[in-house]
Amino acid sequence: MFERFTKDARAVVTGAVEHAEEAGAGSVDAEHLLLALLDREGSRASFALAALGLAEHGDAVRQALGQARRRAGLSQADTEALAGLGIDVSEIIARVEEAHGAGAMAGDRGGRGRWSGRRPFGKGAKETLEKALRIAVARRDRHIGDEHILLALTVRPGVSGEVLADHGVTHESVTRVLYGGGGAAKAG
């Protein structure tokens with residue numbers, strides 16, 4: 001599948017690996033793909049994100065992803081559902097961090113030792129890349145671009161999709177910016 005990726009899509013995957021390494025994460029996840037997309041300039045996905053106003057809200061997105069990582073990857077919807085059952089995730093985080101230190105639930109290695117070998121892709125990242133392939137095939141595109149990765153993140157349940165939707169970036173809005181009403185690409 002990777003041979004069908006454009007230069008921009010490959011850069012997103014490489015950037016996601018770098019974000020995972022910087023965070024000390026055990027695997028590359030969908031959130032790392034989103035962070036790598038936010039880093040891109042001059043690509044179809046970056047055009048769509050800028051057109052939807054996310055370029056100036058990149059710090060807010062990074063902060064929301066950091067908060068979700070601190071909640072052990074729970075989305076806000078997950079947190080609210082647990083609250084409905086009487087489980088206060090904030091209290092759990094506070095107690096765990098009191099006992100084990102700040103960011104203990106994030107799963108980050110925090111600089112403890114050095115990672116050796118290739119960083120694996122987690123389930124969320126794999127599902128996102130597979131969905132990007134399906135989106136490209138459905139659109140009859142011969143390649144998988146970073147725009148397909150962005151579209152895949154918008155339809156996948158979880159933290160990345162939730163954070164994007166909170167900032168007005170949905171599958172519909174990205175499709176409208178990239179392809180307009182007639183299906184012809186407007187960007188790139």
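Biologist: Leaving aside its neighbours within four places in sequence, which residues is leucine 150 in contact with?

Modeller: This is a predicted model. In it, Leu150 belongs to the largest nonpolar core. Beyond four places in sequence, the contacts of leucine 150 are Leu37, Ala45, Ala48, Leu49, Leu164, Val169 and Val174.

Biologist: Which residues touch the most other members of that largest nonpolar core?

Modeller: The core holds 43 residues. Leu150 is one of those that touch the most other members. The full list is Ile149, Leu150, Leu153, Val169 and Val174.

Biologist: Which element gives the most to this core?

Modeller: Elements that give two or more residues include helix H1 (7–23), helix H2 (30–39) and helix H8 (146–155). The top contribution is seven residues. That comes from H2.

Biologist: Where do aspartate 8 and arginine 40 lie, and how many residues apart in sequence are the parts they tie together?

Modeller: Their side chains meet in a salt bridge, at 2.5 Å from N to O. Aspartate 8 is in helix H1, while arginine 40 is in the loop between H2 and H3. So the pair ties together parts separated in sequence by 32 residues.

Biologist: Is aspartate 8 buried or exposed?

Modeller: Buried means under 20% relative accessible area. Aspartate 8 has 19% relative accessibility, so it counts as buried.

Biologist: Which helices does the salt bridge of aspartate 39 and arginine 62 tie together?

Modeller: The closest N and O atoms of this pair are 2.9 Å apart. The two residues are 23 apart in sequence. Aspartate 39 lies in one helix and arginine 62 in another, so the bridge ties H2 to H4.

Biologist: Which residues do salt bridges with shared partners join into one network?

Modeller: Start with glutamate 127 and lysine 123, whose side chains meet at 3.9 Å, N to O. Both lie in helix H7, four residues apart, about one turn of the helix. Shared partners make one network of Lys123, Glu127 and Arg156.

Biologist: Is lysine 123 buried or exposed?

Modeller: Exposed means over 50% relative accessible area. Lysine 123 has 63% relative accessibility, so it counts as exposed.

Biologist: What is the phi of arginine 140 near?

Modeller: Most residues other than glycine have a negative phi. Arginine 140 sits in the loop between H7 and H8. Arginine 140 has a positive phi, near 65 degrees.

Biologist: What is the relative accessibility of arginine 140?

Modeller: The cut-off for exposed is over 50%. Arginine 140 counts as exposed because its relative accessibility is 76%.

Key
Residues are numbered from 1 along each chain as its sequence is written. This is a predicted model: local features need pLDDT of at least 70, side-chain atom pairs count only at pLDDT 80 or more; totals for chains, interfaces and linings use all residues. Side-chain values use heavy atoms; hydrogens and water are left out. A nonpolar core is a set of buried Ala, Val, Leu, Ile, Met, Phe, Trp, Tyr and Cys residues joined through side-chain atoms within 4.5 Å. Buried means under 20% relative accessible area, exposed over 50%, partly exposed in between (1.4 Å probe, protein chains only). Contact means heavy atoms within 4.5 Å. A salt bridge is a side-chain nitrogen of Lys or Arg within 4 Å of a carboxyl oxygen of Asp or Glu.
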